[in-house]
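User: Could you give me a close look at how one strand pairs with its partners, then finish with a pair of packed helices? I'd like the actual residues, not just a cartoon-level tour.

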Amino acid sequence: MDITERFLNYTKFDTQSAEDSNSVPSTPKQLIFAEYLKKELEREGLEDVELDDKGYIYATLPSNVKGKDIPTIGFISHYDTSPDCSGADIKARIVENYTGGDIVLSEGIVSSPKKFPELLAHVGEDLIVTDGHTLLGADDKAGIAEIMQAMCWLRDHKEVKHGKIRVAFNPDEEIGMGAHHFDVEKFGCEWAYTMDGGDVGELEFENFNAAGAKITIKGVSVHPGYAKGKMVNASRLAAEFIGMLPADETPETTEDYQGFYHLTGLKSNTEGAILSYIIRDHDRKKFEMRKEFIGLCVKKMNEKYGDGTVTAEVRDQYYNMKEKIDPCMHVIDLVLKAMQDCGVAPKVKPIRGGTDGAQLSFKGLPCPNIFAGGVNFHGPYEFVSIQSMQKAMEVVIRICELTAEYND
Ligand SMILES: [Zn+2]
């Protein structure tokens, strides 16, 4: 089976995850695809193939080198697709030898380089697109196809030496739960890579430090006609609190390494208000200062309106994996060398979000993120170039090979 056929087969499964679910995985339909992947791994001759009751799949490609100490490494992809866009009845189609013009996905739905200039980087390549009504699911089934194809290639090319390679496919990444039930100990790798980045060359090992803050404001409701000196309007206090946070430190005013406060929700009336924020910063010190600043604003409000008027609940969500990667930069150097050997120009950039790999890094498995090739994730304009997937597969193979030479 070639990588294209493999990927197209995967797109036939609806594996959308769901935010508002208490089950693991969040949707039972993900397990149907998990079973399919398990069988495919077995059919392709991988060892220790295991699917646990939470939908996590592990497998091994055994080392083909004897008497040499080679680190065990792993490759990880998630098989769920985003809750933001339907993943049911995906009708994937190949646009051969893309010429750089508009692609009519279906009547009235056009993927145009005017709107998506990313398309122009793929002129002359073969693009897999949708019919404009669903996402494609290259995020992250392209990653799975690449890992699977790389393992088959290594299996068939015994002359290429490699150590023990572990692969894992997991559910629920899109709802931020992908790493939660990941068994790092069972995986047993010194380090690993998620194949879950975007366009060719992307390599990410810095992400946000993240916290959520819930601000609760207590008001006093009195008939407005008799309110003088008595009413405390929580809605007005909410507006005042919002005004205390810097207006130029929001998602819509920042980029690259700039952090922010993001007001994600606001519920209020005279009696009470709840403000929901997310706080993000790559820099751990600045991140801590942001949280302190929230506390300072609360203090100021209480000085003005009385103790207990405003309270804040601040909860850390995840941290920047860089602090776990820095002590083992060979994990990155290997990728850079592998990309170079495969003719891929590395694009290293900080993630303005988190990854499963960030959480895994803090669970003891250093885990940067490598491109899987997909573009325009989470929507109907998502596409992936077949050549990009092949490049990603080559990079996986080359990393395995370079790791075998690692202790030389
Ligand atoms: Zn993804």
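Analyst: First, a bit of vocabulary: two strands count as paired if DSSP finds at least two bridges between them. Keep in mind that this is a predicted model.

Let's start with β13, residues 272-281. One partner is β11 (residues 209-218), which runs antiparallel to β13 and is joined to it by 10 bridges. If you want a spot to click on, Ile-215 sits opposite Leu-275 of β13. The strand β12 (residues 260-268) also pairs with β13, again in the antiparallel sense, with 8 bridges. Those two make a hairpin, with 3 residues between the strands. For a residue pair to look at here, Ser-268 has Ala-273 in β13 as its bridge partner.

Now the helices. The axes of α8 (residues 330-341) and α10 (residues 386-404) come within 9 Å and cross at roughly 125 degrees. That angle makes α8 oblique to α10, because roughly perpendicular covers 65 to 115 degrees and roughly antiparallel needs over 145. As for handedness, α8 passes α10 in a right-handed crossing. On the α8 side, the contact is made by Leu-334, Val-335, Lys-337, Ala-338, Met-339 and Asp-341. Facing them from α10 are Val-395, Arg-398, Ile-399, Leu-402 and Thr-403. Sorted by class, the contact between α8 and α10 has 7 nonpolar, 1 polar and 3 charged residues.

Definitions and conventions
Residues numbered from 1 in each chain as written. Predicted model: local features only at pLDDT ≥ 70, side-chain atom pairs only at ≥ 80, totals over all residues. Axes fitted to C-alpha atoms, helices over the stretch in contact; angles between N-to-C directions. Helix = DSSP H or I, 4+ residues; strand = E, 2+ residues; numbered from the N terminus. Parallel < 35°, antiparallel > 145°, perpendicular 65-115°, else oblique. Left-handed = near helix turned anticlockwise from the far one by under 90°. Contact = placed C-beta atoms within 7 Å. Nonpolar A, V, L, I, M, F, W, Y, C, P; charged D, E, K, R; others polar.
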